[in-house]
Amino acid sequence: MAEERRFRSASGAPIALRRRQHSASCRELAVRGPRLQLRSLSAATSAVWLAAYGLFALSENSVVLSAAIFISLIGLIIYLHFIKIDQESLLVIGSLGIQVTSSYASGKESTTFIEMGRVKDVVINEAIHMQKVIYYLCILLQDPEDPQGVSEVVPLFQSSKPRLDCLIEVYKSCQEILEQRKTAPQSS
Amino acid sequence: MVLKVFFPSCCSSADSGILIGRWLSEQSSAVVLAVVHFPFIPVQVKQYLGDVQRVTKVSVSVLGSWSNSKQEKEEGLSEFLEDLGTIFSHEPWIQISKEGDSKFWSCSTLQKHSSSPKEEEVILVYYDQRKVMLSHLHPPLDTADGRAEDTSKLSAIFDTVARSRVLFMTDRYDEGPIKLTHWQSEGVEASIIVELLKQASVPACMLLTFLLSLVSGICRSRVLKFWPLSFLWSKLSTCEQLGHRLQHLQVISSNKKAQTQIQLMRKANIFVSLLIDVGLGILLMSWLYRKNRIGHLADTLIPVADHVAEELQDLLQWLMGAPAGLKMNRALDQVLGRFFLYHIHLWISYIHLMSPFIEMILWYVGLSACLGLTVALCILSDIIALLTFHIYCFYVYGARLYCLKIYGLSSLWRLFRGKKWNVLRQRVDSCSYDLDQLFIGTLLFTILLFLLPTTALYYLVFTLLRLLVVIVQGLIHLLVDLIDSLPLYSLILRLCRSYRLAAGVKFRVLEQQAGKPLRLLMQINPLSYGAVVQTYRLPTYSCYPKDSWASLCKKLFLGELIYPWKHKGEKQD
């Protein structure tokens, strides 16, 4: 079953949170950011090409025009493939682990899977950035030597930066599954 | 705890039978390795599993039953399968059944000794057996046999499948009593080319080892250890590079098989790197020798050296005049300028003396480009060093002079203020000087101070020239290091067979149906290219300067000589 709700990101852009429950111990939470707008794309391309035309008028060298086309194509490909993140999702499978996926606008997906044995807890941290206080969700990883210590902090939803209300929903969903591993009896 | 069953996707269409694999009790996971079909004799199955366990050191056992009924569900079959659970006692006994072509299977467990009889949740994870068997998890853990329980869950699963290779050697055409289904059951894969290469590699390795022992014997002979020659060898970067490549060849041609995966990758990387290097070198050589380009190069070498000398002479004439409007001390200027001009004159005479032999030397030296592109680049760097030797000499003269002057000035400045450097205490102390000491000291201080601009200007000019040459040589060495250390085989493997280098796994949730177990697909998450280069980089012999920019500037200011490219094992001057 899937449900979708609208929220806002830290900078005010509209984002959508989609929750899917695949089974009693498996949940998927996906935060989708705003898509690439046609008007910003055409504005950037027109600006580059106008500048190229200006240079061409000054220098009478047609290499400037082909270079401008080349640059705008390469720049667009790099932006779509490496920079623009469309959707960030969190797949929590109780007793297996947590999987964090970022999908880029070009379709590329970069995934990290963290085993449940290494996960200590999922918490909401606050950070002070310039004049703002930002809340972010992160996974605390267990230190293998010290049972009480935290070896690493993995921040989630870095590019969509949801606000506290969205983070609380995600936090509650994750904690419900994480609690199962504490209450589950050990294998016989 | 939730029960996880790792099921190979190749067995999805197998006939009914029993599941064999490994049970990891601390994680409550069952890794299914194969399906044994009916008819079988239980005693033979147990014996076979015992044999496999002895060979692979993996505790393989019967995990449960698998029923693939193409028609309607048969009642008798389910009872038969439950009875099997009593013959092969395994806690818990897993029963997976598939009806017709349905994607949604039902999975149940039989627990005889469980304390709580509630229904356990089951997760069914499909995995590609061949890919998991061939893949290596990074960062590689040093697990000795049997310590797999301490490692993470995923590495235990990868370990299980990788070590059970012998189980996958029997296919359906074998005449044994056990009929298995696994990824290779349609026929064991093999490649004729690989087998031929394996056969040919043994005599090739022996021949290579023999040749290398000859070459290294010659290199180590006493003749080459005499002082001028050994000094020359240590200064030429070509000899370093050749020694490095010789070491690489020794690694490849050793008879011992590579024990760990890291050693195997290193051998393969060295081999591919050598191959590409020699290939590029031969390409370069063929380009150089076609249309006698090397003759043209030799012809232009002398005029270029002459041109450099002329430019230097012009520069010195400029310095001896009024450079940049600064007023120099006439006498010192003339002395230094004439000294350096004489040097250039000597250098040009030597070059002209060598000019008839240059073409022949260059022709033979160019032949050594077939040893590799790196060797050709090192030769280029050495030729540049030899041609700009006079710049190096001028830099050393200028630096020594400037250094002496600076130390003299600092010491006399202390005298001027009535202080002295205490060598014992390593600090500045006050001291009372005699009048004549003060008089001579102040006189010398004034002389040195007013001669400072001249010396400083010469030092500045020659240091800049030397730095230019050093930068050019440095870029060439950077390129050589890049070719030396780039792990090409690993990169090509990451490009073509990305599942072999795994950074982890990723799960994909497949279609679900209520009431059926959760279905996941486990795929291999390949290592990123940056991590591949970092893990499998080949070590090189040069270490980059450890001086920070601040200490470099300090050395330049004080006039200390800078040695930018120190090789490992060389003593600092």
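An axis here is a line fitted to the C-alpha atoms, for a helix over the stretch in contact, and angles between N-to-C directions run from 0 to 180 degrees. With that in hand, let's look at some close-ups of this predicted model.

**View 1. Helices α7 and α8 of chain B cross each other at roughly 130°.** Find α7(B) at residues 237-252 and α8(B) at residues 261-289; their axes come within 9 Å. The two helices are therefore oblique to each other. The crossing of α7(B) and α8(B) is left-handed.

**View 2. Side by side, α7(B) and α8(B) share a contact.** From α7(B), look for B:Arg245, B:His248, B:Leu249, B:Val251 and B:Ile252. Their counterparts in α8(B) are B:Lys267, B:Ile270, B:Phe271, B:Ser273, B:Leu274 and B:Asp277. Sorted by character, the residues of this contact give 6 nonpolar, 3 charged and 2 polar.

**View 3. In chain A, 3 strands form an open sheet in the order β7-β8-β9, paired antiparallel.** Strands β7 (119-129) and β9 (150-155) of chain A each have a single partner strand, so one side of each is left without a neighbour in the sheet. On average, neighbouring strands are turned by 35° against each other, direction ignored.

**View 4. Strands β8 and β9 of chain A are joined by 5 bridges.** Strand β8(A) covers residues 132-142 and runs antiparallel to β9(A). Here you can spot A:Gln142 opposite A:Val150 in β9(A).

**View 5. Helix α3 of chain A packs on the sheet.** This helix, residues 164-183, touches β7 and β8 of chain A. The direction of α3(A) makes about 160° with that of β7(A).

Technical notes
Residues numbered from 1 in each chain as written. Chains lettered and ligands numbered in written order. Predicted model: local features only at pLDDT ≥ 70, side-chain atom pairs only at ≥ 80, totals over all residues. Heavy atoms only, no water. Helix = DSSP H or I, 4+ residues; strand = E, 2+ residues; numbered from the N terminus. Parallel < 35°, antiparallel > 145°, perpendicular 65-115°, else oblique. Left-handed = near helix turned anticlockwise from the far one by under 90°. Contact = heavy atoms within 4.5 Å. Nonpolar A, V, L, I, M, F, W, Y, C, P; charged D, E, K, R; others polar. Pairing = 2+ DSSP bridges.
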